[in-house]
Amino acid sequence: MRYISTRQSGGRTVSFEHALLRGPAPDGGLYLPEHWPALDAGTLEGLRGKPYAEVAAAVMALFTGRAFSRARLREIAAESYAGFDHPATAPLVQLGPNLWLQELFHGPTLAFKDFALQMVGRMLDAALARRGRTATILAATSGDTGAAAIEAFRGRDAVSIVILHPAGRVSEMQRRQMTCAPEPNVHNVAIAGDFDDCQALVKALFADAALRDEVGLAAVNSINWARVAAQAAYYVHAALALGAPGRPISFTVPTGNFGNVYAGHVARQMGLPVERLVVATNRNDILARFVESGLYARGRVHRTLSPSMDIQVASNFERLLADLSGRDGAAVRAFMDRLARDGVFQLTGARLARAQAAFAAGRADDEACLATIADVWQATGRMIDPHGAAGVHVARRHASPSAPMVCLATAHAAKFPDAIERAIGIRPAMPPRLARLAASPERVTELPADVAQLTRFVRDRVHAPQRERVA
Ligand SMILES: *Cc1c(COP(=O)(O)O)cnc(C)c1O
């Protein structure tokens, strides 16, 4: 299995391990497998009823080429999901006659990002060890990504992790999930600024070639291909439980960066029988507008009750553009250049027809999310979080008797106690994992939004790796 940039139409390809270590491609594009591996009916039948970790290892094995043996992947998956606090790992809960919730919040940070980052952390560590290299993970977070990345990399020998968050702009629980990690390889920085300032600092440091080589900068945000591949597994697991491959299944996915729903598209491209893939957004509805009209137009970011979906430019969308364009790299580059220049582009003709055949979409504003949280609570006694509620609201409008509809529940309700209390008048009980943090000491460095000071901080804190190039 070889990987190619979304901005190429052929030519140089790279290995899985290269894509894993590198993050984005050097031409500014994102890596995609050259061909979709097949998940045929026989393979699917063989996975039915298997523990989640086995399904995850089997799906990942289709993408890793020679980088990891099947036995090693099994070990990695078993370790990755051993710390989840539900024996089904990604349990399905029935909400209505043909409507299901897949709970993706039983991992260590209570949001779905643990599914991919627990696997990617171990795979990255193994790849670095093999090369005798070390790396520095650098990322900006508005909340959930930073916590899941720290949880995945804390205490790993070959990795230092530096996470920037905007000072005073993440919730106390989100901050503590990051700053209470005692391991010396974890470095939290509270930046005097907003999330965009953090993001700009990360970009500036990645653009510094000398620093990049010296400390081995690596990216694990959702543009890293390995994260998408790991996420395809829960679509497979849910579909098998509900009757695939003999019966098609639909999914509704609360969406921000388009990573999670793109993983569903990948599972479908591999042969999983998916009837509908529904994109659910909050008021930041650039993706819903795109599916309806083909117009992709960047707007202002609105703050909502579902902050992890408060995104206007969905980085993984470029991968879909490549698929819709028949992997025409020049066309993808032209669209992305237009977006950078004008903040907008329009798909038409065959590309738009393909997009509308592949996805449906809908949006839920804060009022709709609160009403859905209240309604699900009254009808079933379950507390759902505002991101999952956006999904359920949209899913109900796309339900059909011909296929079970699965809504992905991306976070635990207890991460958003204020919204839950507003919806139903009750504060959710604090899960032990979160309660423990309230008494733990925090470690965080405060810095201004200044490239030179952050660069010095990173150099000071990180051990310089041996200089070896990624092959
Ligand atoms: C990150 C996140 C999302 C959005 O996922 P994407 O892959 O960016 O579409 C949705 N819900 C929660 C709780 C998240 O943390």
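**Strands, a hairpin and a positive patch**

Strand S7 (residues 186-192) and S15 run parallel and are joined by 4 bridges. Keep in mind that this is a predicted model. Below is a quick tour of the sheet that holds this pair, then a hairpin, then a charged patch on the surface.

**The parallel sheet**
- The S7 and S15 pair belongs to an open sheet of 5 strands, and the pairing in that sheet is parallel.
- Reading across, the strand order is S8-S5-S6-S7-S15.
- Strand S8 (217-218) and strand S15 (445-448) stand at the edges; each has a single partner strand, so one side of each has no neighbour in the sheet.
- If you want a spot to look at where S7 meets S15, try Ala 192, whose bridge partner in S15 is Pro 448.

**The hairpin**
- Strand S3 (residues 92-96) and strand S4 (residues 99-103) run antiparallel, with 4 bridges joining them.
- Getting from S3 to S4 takes 2 residues, and the connection is a hairpin.
- Within this pair, Val 93 has Leu 101 of S4 as its bridge partner.

**The arginine patch**
- Arg 2, Arg 12, Arg 22, Arg 66 and Arg 212 together form a positive patch on the surface.
- One of these, Arg 212, sits in helix H9 (residues 209-215).
- Arg 212 has a relative accessibility of 30%, so it counts as partly exposed; that label covers the range between buried, under 20%, and exposed, over 50%.

Conventions: Residues are numbered from 1 along each chain as its sequence is written. This is a predicted model: local features need pLDDT of at least 70, side-chain atom pairs count only at pLDDT 80 or more; totals for chains, interfaces and linings use all residues. Side-chain values use heavy atoms; hydrogens and water are left out. Patches are made of residues with over 30% relative accessible area and no salt bridge: like charges are joined within 9 Å, nonpolar side chains (Val, Leu, Ile, Met, Phe, Trp, Tyr) within 5 Å. Accessible areas come from the Shrake-Rupley method with a 1.4 Å probe; for residues, only the protein chains shown count as cover. A salt bridge is a side-chain nitrogen of Lys or Arg within 4 Å of a carboxyl oxygen of Asp or Glu. Lys and Arg count as positive and Asp and Glu as negative; His and the chain ends are not counted. The place of a charge is taken as NZ of Lys, CZ of Arg, CG of Asp or CD of Glu. Buried means under 20% relative accessible area, exposed over 50%, partly exposed in between (1.4 Å probe, protein chains only). Two strands pair if DSSP finds at least two bridges between them.
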